[in-house]
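Trainee: Before we discuss particulars, may I see the sequence and the structure? I should then like to put some questions about packing and aromatic contacts.

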Amino acid sequence: MTAFYDRAELDSLALSAYLSFGDWATAEAHGHRCLAGLRPHMYRSRAIATARLARAQLEVAAAVATTLQVPADAAASHPRVVGLLDAFGRRLAEIAPQGPHAGLWAEFSTT
């Protein structure tokens with residue numbers, strides 16, 4: 001696989017897999033490694049990985065701060081990023097429906 005994918009892309013695949021298993025801590029670790037290794041021109045991949053990382057983060061403040069790093073144009077126009085951010089919003093509503101972080105997310109997601 002490393003003949004076709006670089007380390008960052010493999011970490012992105014692992015991030016996605018661990019998210020689907022519900023292994024949030026391992027997914028978060030792969031997300032950080034993915035973002036650290038992505039090449040600068042991989043704009044869409046960075047937006048997708050950032051959205052997935054936010055969903056994996058266990059601490060609400062860190063997760064919301066991560067989502068705010070997704071570029072606004074990607075958050076509004078790329079279907080996969082939009083879907084990932086919607087999934088993040090649903091998870092945030094499950095674990096912390098009230099409070100300042102939920103309000104910050106609501107403000108970001110509506111603008």
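**Helix packing and aromatic pairs**

Mentor: In this model, which is predicted, helix 4 passes helix 7 in a left-handed crossing.

Trainee: Is helix 4 roughly parallel or roughly antiparallel to helix 7?

Mentor: Two packed helices are described by the angle between their axes and the distance between the axes. For helix 4 (residues 60–67) and helix 7, the axes are 10 Å apart and the angle is about 15 degrees. Angles under 35 degrees count as roughly parallel, so helix 4 and helix 7 are roughly parallel.

Trainee: Which residues of helix 4 and helix 7 make the contact?

Mentor: Helix 4 contributes Val60, Ala61, Val64 and Thr67. From helix 7, the contact is made by His101, Leu104, Trp105 and Phe108.

Trainee: How many aromatic pairs does a search of the whole structure find, and is the pair of Tyr18 and Phe21 stacked or edge-to-face?

Mentor: The search of the whole structure returns 2 aromatic pairs. In the pair of Tyr18 and Phe21, the ring centres are 6.1 Å apart and the planes meet at 80 degrees. Planes over 60 degrees apart count as edge-to-face, so the pair of Tyr18 and Phe21 is edge-to-face.

Trainee: What separates Tyr18 and Phe21 along helix 1?

Mentor: Both residues belong to helix 1 (residues 7–21), where they are 3 residues apart. Because of that spacing, the separation of Tyr18 and Phe21 is about one helical turn.

Trainee: Is Phe21 buried or exposed?

Mentor: Its partner Tyr18 has a relative accessible area of 29% and is partly exposed. For Phe21 the relative accessibility is 64%. A value over 50% counts as exposed, so Phe21 is exposed.

Trainee: Why is the pair of Phe88 and Trp105 edge-to-face?

Mentor: The ring centres of Phe88 and Trp105 lie 4.9 Å apart. The pair links distant parts of the chain, with Phe88 in helix 6 (residues 79–95) and Trp105 in helix 7 (residues 100–110), 17 residues apart. The pair is edge-to-face because the angle between the ring planes is 75 degrees.

Trainee: Is Phe88 buried or exposed, and is Trp105 buried or exposed?

Mentor: The relative accessible area of Phe88 is 3%, and the relative accessibility of Trp105 is 10%. Buried means under 20%, so Phe88 is buried and Trp105 is buried.

Trainee: Which residues does Phe88 touch, not counting residues up to four places away in sequence?

Mentor: Phe88 lies in helix 6. Not counting residues up to four places away in sequence, Phe88 touches Ala54, Arg55, Ala63, Val64, Thr67 and Trp105.

Trainee: Is helix 3 roughly parallel or roughly antiparallel to helix 6?

Mentor: Helix 3 (residues 43–56) packs with helix 6 at an axis separation of 9 Å and an angle of about 10 degrees. Residues that meet here include Ala47 and Ile48 in helix 3, and Val81 and Leu84 in helix 6. The angle makes helix 3 and helix 6 roughly parallel.

Trainee: With which residues is Ala47 in contact, leaving aside its neighbours within four places in sequence?

Mentor: Ala47 is found in helix 3 and is buried, at a relative accessible area of 1%. Leaving aside neighbours within four places in sequence, Ala47 is in contact with Val70, Pro71, Ala74 and Val81.

Trainee: Over which ring does the charged end of Arg91 sit?

Mentor: Arg91 is among the helix 6 residues that meet helix 3. The charged end of Arg91 is 4.0 Å from the centre of the ring it sits over, that of Trp24.

Conventions: Residues are numbered from 1 along each chain as its sequence is written. This is a predicted model: local features need pLDDT of at least 70, side-chain atom pairs count only at pLDDT 80 or more; totals for chains, interfaces and linings use all residues. Side-chain values use heavy atoms; hydrogens and water are left out. Rings of Phe, Tyr and Trp (its six-membered ring) pair if their centres lie within 6.5 Å; planes under 30 degrees apart count as stacked, over 60 as edge-to-face and the rest as tilted. Helices (H or I, at least four residues) and strands (E, at least two) are DSSP runs, numbered from the N terminus. Buried means under 20% relative accessible area, exposed over 50%, partly exposed in between (1.4 Å probe, protein chains only). A charge sits over a ring if NZ of Lys or CZ of Arg is within 6 Å of the ring centre and within 35 degrees of the ring normal. Axes are lines fitted to C-alpha atoms, for helices over the stretch in contact, and angles run from 0 to 180 degrees between N-to-C directions. Angles under 35 degrees count as roughly parallel, over 145 as roughly antiparallel, 65 to 115 as roughly perpendicular and the rest as oblique. A crossing is left-handed if the near helix is turned anticlockwise from the far one by less than a right angle, and right-handed if clockwise. Contact means heavy atoms within 4.5 Å.
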